[in-house]
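Work through the following exercises with the sequence and the model open side by side, and try each task before reading its solution.

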Amino acid sequence: MYSLTVRDHMMIAHSFVGAVFGPAQELHGATFLVDAEFRRPSLSADGLVVDIGLAAALLKEVLAPLTYRNLDELPEFRGRNTTTEFLAGEVFHRLRARIADGALGEDGRALAGLRVELHESHVARAAFEGPLP
């Protein structure tokens, strides 16, 4: 399987509900490095997985509504703990929807899988991955 990974970041604020989160129950900020890995079994006629510029622009587009926001205030996250794991899945689903809409062109239609990994620090990260239709 061939893959191409692009990276961006997002800065957010949020809080958690539950004793397991300790001091993170209070409002706090986080900066995540976000990697999106696009996968396909064979390269395009141009030797690409997808156009790296389109992939980078798509990741930036998907992160924009979350960046510099207090996630506790977003209606779609009301009542949810926006953990690193949860956010990896959320970014995955938003990217998958845009890919299905044709955001990566014909090369995007040949993608077989996607993996989104959020690095919350130099020692901790979480990911969500799955197939693409």
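**Exercise 1. The chain as a whole**

Buried residues, meaning those under 20% relative accessible area, with exposed over 50% and partly exposed in between (1.4 Å probe, protein chains only), make up 41% of the 133 residues in the chain. The model is a predicted one, in which local features need pLDDT of at least 70 and side-chain atom pairs count only at pLDDT 80 or more, while totals for chains, interfaces and linings use all residues. Residues are numbered from 1 along each chain as its sequence is written, and side-chain values use heavy atoms, with hydrogens and water left out.

Task: state how many helices and strands the chain has, and in which order the elements run.

Solution. Begin with the assignment, in which helices (H or I, at least four residues) and strands (E, at least two) are DSSP runs numbered from the N terminus; this gives 3 helices and 5 strands. Reading from the N terminus on, the order is β-β-α-β-α-α-β-β. The radius of gyration, taken over C-alpha atoms, is then compared with the globule rule, 2.2 Å times the number of residues to the power 0.38: the chain has 16 Å, close to the 14 Å that the rule gives for 133 residues, so it is as compact as a globular protein of that length. Finally, with contact meaning heavy atoms within 4.5 Å, residues 24 or more positions apart account for 67% of the contacts with a separation of 6 or more.

**Exercise 2. The nonpolar core**

Task: find which residues touch the most other members of the largest nonpolar core, and which element supplies the largest share of this core.

Solution. A nonpolar core is a set of buried Ala, Val, Leu, Ile, Met, Phe, Trp, Tyr and Cys residues joined through side-chain atoms within 4.5 Å. The largest such core has 33 residues, of which Met10, Val34, Phe38, Val91 and Leu95 touch the most other members. At least two residues of this core come from each of strand S1 (2–14), strand S2 (28–40), helix H1 (52–63), helix H2 (84–100) and strand S4 (113–119), and H2 gives the largest share, 7 residues. To follow one member outward, take valine 34, which, leaving aside its neighbours within four places in sequence, is in contact with residues including Val6, Met10, Leu59, Leu63, Val91 and Val116.

**Exercise 3. Two leucines compared**

Task: decide whether leucine 33 and leucine 104 are buried, partly exposed or exposed.

Solution. Leucine 33 is found in strand S2 and, at 37% relative accessibility, counts as partly exposed. Not counting residues up to four places away in sequence, leucine 33 touches Arg7, Asp8, His9, Glu117, Leu118 and His119. Leucine 104, by contrast, is found in the loop between H2 and helix H3 (105–109) and is buried, with a relative accessible area of 3%. With the same sequence neighbours set aside, leucine 104 touches Phe38, Val50, Leu54, Ala55, Leu58, Ile99 and Leu111.

**Exercise 4. Two aromatic residues**

Task: locate phenylalanine 92 and tyrosine 68, and give the accessibility of each.

Solution. Phenylalanine 92 lies in helix H2 and counts as buried at 1% relative accessibility; the residues that phenylalanine 92 touches, not counting those up to four places away in sequence, are Leu114, Val116, Phe128, Glu129, Gly130 and Pro131. Tyrosine 68 lies in the loop between H1 and strand S3 (69–70) and is exposed, with a relative accessible area of 61%. As a last step, check the backbone of tyrosine 68, which has a positive phi of about 60 degrees although it is not a glycine.
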